[in-house]
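Subject: The structure I promised you

Hi there,

Here is the structure we talked about, with the sequence alongside. Have a look at it first, and then read on for my notes.

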Amino acid sequence: MENPFQILETKMQSIEKSLNDLRTLIEQNQTQTPTQNDLISPEEACELLGISPVTLHRWEKQNKLKVYGIGGKRYLKRSEIEESLTLKEKAS
């Protein structure tokens, strides 16, 4: 039969390794660049597009942009904003 202290030591090492792995995953997640499907605020969208909030609202009403409501807040998809940027540049 194995020594109880050795069993405890083995389990502690396993827990320590798991915590280190988790810490690494968290650090990697915090440094990742945003993906195209990330949701951004209307303020961020205005900044990216170089437009005013009034223009953003008008584009929303004209169905040029889709705004998603989550928990009483409004968001836009980064990919849709980038697509709008492409269309804006082509129109210029």
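What is the mean pLDDT of the protein, and what percentage of its residues reach 70 or more? This is a predicted model, and its mean pLDDT is 85, with 84% of the residues at 70 or more. Confidence is highest in helix 3, at a mean of 93, and lowest in helix 4 (residues 78-91), at 76. As a general caution, predicted coordinates should not be read in detail where pLDDT is low.

**The overall picture**

The protein has four helices and three strands. Starting from the N terminus, these elements follow one another as α-β-α-α-β-β-α. Of the 92 residues, 18% are buried. The exposed surface comes to about 7600 Å², and carbon and sulfur atoms supply 54% of that area. If you take the contacts between residues at least 6 apart in sequence, 54% of them join residues at least 24 apart.

**The sheet**

The three strands make an open, antiparallel sheet in the order 1-3-2. Strand 1 (39-40) and strand 2 (68-70) are at the edges with a single partner strand each, so one side of each has no neighbour in the sheet. In general, the strands of a sheet pair through backbone hydrogen bonds.

Let me take the two pairings in turn. Strand 1 and strand 3 are joined by two bridges, in the antiparallel sense. Here Ile 40 has Leu 76 of strand 3 as its bridge partner.

Strand 2 and strand 3 are also antiparallel, and three bridges hold this pairing. Tyr 68 sits opposite Tyr 75 of strand 3, while Ile 70 has Lys 73 in strand 3 as its bridge partner. These two strands form a hairpin with two residues between them. In that turn, Gly 71 has a positive phi of about 60°.

**Two residues of strand 3**

Tyr 75, which belongs to strand 3, is a good place to zoom in. Is Tyr 75 buried or partly exposed? Its relative accessible area is 24%, and because buried means under 20%, Tyr 75 counts as partly exposed. Leaving aside residues up to four places away in sequence, Tyr 75 touches Leu 39, Ile 40, Ser 41, Lys 66, Val 67, Tyr 68 and Ile 70. The C-alpha atoms of Tyr 75 and Glu 43 are separated by 9.4 Å, and these two residues are 32 residues apart along the chain.

Lys 77 is also in strand 3. Lys 77 is partly exposed too, at a relative accessible area of 26%. Between the C-alpha atoms of Lys 77 and Asp 38 there are 5.8 Å, although 39 residues separate the two along the chain.

**Helix 2**

Which residues of helix 2 are buried? They are Pro 42, Ala 45, Cys 46 and Leu 49. These residues cover an arc of only 100° around the axis, so they lie on the same side of helix 2. The face turned away from that buried side carries the exposed residues Glu 43 and Glu 47. Just after helix 2 comes Gly 50, with a positive phi of about 70°.

**Helix 3**

Helix 3 (residues 53-61) has Thr 55, Leu 56 and Trp 59 as its buried residues. Looking down the axis of helix 3, you find them within an arc of 100°, so they line one face of the helix. What do these buried residues pack against? They pack against helix 2 (42-49) and strand 3 (73-77). On the face turned away from the buried side, helix 3 carries the exposed residues Pro 53, Val 54 and Lys 61. Just after helix 3, Asn 63 takes a positive phi of about 60°.

**If you only have a minute**

In the viewer, I would begin with strand 3, which pairs with strand 1 over two bridges and with strand 2 over three. From there, go to helix 3, whose buried residues pack against strand 3 and helix 2. Please keep the mean of 76 for helix 4 in mind as you look around.

Happy to go through any of this with you over a coffee.

Best wishes

Conventions
Residues are numbered from 1 along each chain as its sequence is written. This is a predicted model: local features need pLDDT of at least 70, side-chain atom pairs count only at pLDDT 80 or more; totals for chains, interfaces and linings use all residues. Side-chain values use heavy atoms; hydrogens and water are left out. Buried means under 20% relative accessible area, exposed over 50%, partly exposed in between (1.4 Å probe, protein chains only). The arc is that of the directions from the helix axis to the C-beta atoms. Contact means heavy atoms within 4.5 Å. Two strands pair if DSSP finds at least two bridges between them. Accessible areas come from the Shrake-Rupley method with a 1.4 Å probe; for residues, only the protein chains shown count as cover. pLDDT is the predictor's confidence in each residue, from 0 to 100.
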